[in-house]
Amino acid sequence: MRRTLAILAFAAFSATALVAQAQHGADMDKMQAGGSLPAGWNVRLDSGATKPDGVKVMPMGGGIHFTTGPAGIYYRAADTKSGAYEVHASFEQMEPSAHPEAYGIIVGGSDLAGAGQKYTYFLVRQDGQFMISRRDGAKVNAVVPWTTNAAVKKTEAATKGKNLLAIVVAADKTRFLINGTEVSSQPTSGVDASGIAGLRINHNLNVHVDGFGVK
């Protein structure tokens, strides 16, 4: 009986591991020694954890350097905005990841540490694509699915992809820009725009962020 239970437990563990691998292109989180954040910053990993376990986040050269294991969002309560505003940040992916992994900015965040988390996120990845989605609790609703655009600077073996992302919110529409090029415009009523702005960095990435600002 004990042997049977042990086999079943091992099988269940293996199935969970395989699901996690499939979600991340078959590579597991590369857990980093870190566990701290710059002053005023908070984290919410995709697991729901609100501690920076497995990620290394440190101030560097006037910006913030991220070396991630798990994927997650990073934010400051002071960056809560509504009405007309702009959020922007420059991202430099220092090396290619094993699979195209995304990074970018979020707006309209609420209940970010809870089960009812909501935000709109605008991401790019190393293969020259971008996407816009809305998260509502455990659900993710695509606004613009992964789309190739020449404005996205790729990261390749000999090239560090550097991308300046901006979201410009107005009463009627919200504009999404990459390196100064508008890649999408959406009705503001169709995105979550009022709330906390911040960053999203997916798993197993080495990314430097400069000039994050909300105005």
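Contact here means heavy atoms within 4.5 Å. With that in hand, start at Phe91 in this predicted model. Leaving out residues up to four places away in sequence, Phe91 touches Tyr103, Gly104, Ile105, Gly161, Lys162, Asn163, Leu165, Leu199, Ile201, Val207, His208 and Val209.

Phe91 also belongs to the largest nonpolar core, which has 38 residues. Six members touch the most other members: Tyr74, Phe91, Ile105, Phe122, Phe130 and Leu199. Two of the six, Ile105 and Leu199, are also on the contact list of Phe91. A second core stands separate from this one. That second core has 10 residues, including Ile73, Leu112, Tyr119 and Tyr121.

Now turn to the rings. The whole structure holds 6 aromatic pairs. One of them joins Phe122 and Phe130. Their centres are 6.3 Å apart, and the planes meet at 85°, an edge-to-face arrangement. How buried is each ring residue? Phe122 has 0% relative accessibility. Phe130 has 2%. Buried means under 20%, so Phe122 qualifies, and so does Phe130.

Phe122 has another ring partner, Phe176. Here the centres lie 5.2 Å apart and the planes stand at 75°. Edge-to-face requires over 60 degrees, so this pair is edge-to-face as well. Where do the two residues sit along the chain? Phe122 is in strand E7 (residues 118–125), while Phe176 is in strand E11 (residues 173–178). The two are 54 residues apart, and their pair links distant parts of the chain. Phe176 is buried, as is Phe122. Taken together, ring pairs tie Phe122, Phe130 and Phe176 into a cluster.

Charges meet rings too. Arg125 places its charged end over the ring of Trp146, 4.3 Å from the ring centre. Arg200 does likewise with Tyr121, at 5.6 Å from the centre of that ring. Tyr121 is the residue already named in the second core.

Finish with a hairpin. Strand E2 (residues 56–60) pairs with strand E3 (residues 63–67). The sense is antiparallel, and the pairing runs over 5 bridges. Which residue of E3 is the bridge partner of Pro59? It is Ile64. Between the strands of this hairpin lie 2 residues. At the hairpin, Gly61 takes a positive phi near 55°.

Key:
Residues are numbered from 1 along each chain as its sequence is written. This is a predicted model: local features need pLDDT of at least 70, side-chain atom pairs count only at pLDDT 80 or more; totals for chains, interfaces and linings use all residues. Side-chain values use heavy atoms; hydrogens and water are left out. Two strands pair if DSSP finds at least two bridges between them. Helices (H or I, at least four residues) and strands (E, at least two) are DSSP runs, numbered from the N terminus. Rings of Phe, Tyr and Trp (its six-membered ring) pair if their centres lie within 6.5 Å; planes under 30 degrees apart count as stacked, over 60 as edge-to-face and the rest as tilted. Buried means under 20% relative accessible area, exposed over 50%, partly exposed in between (1.4 Å probe, protein chains only). A charge sits over a ring if NZ of Lys or CZ of Arg is within 6 Å of the ring centre and within 35 degrees of the ring normal. A nonpolar core is a set of buried Ala, Val, Leu, Ile, Met, Phe, Trp, Tyr and Cys residues joined through side-chain atoms within 4.5 Å.
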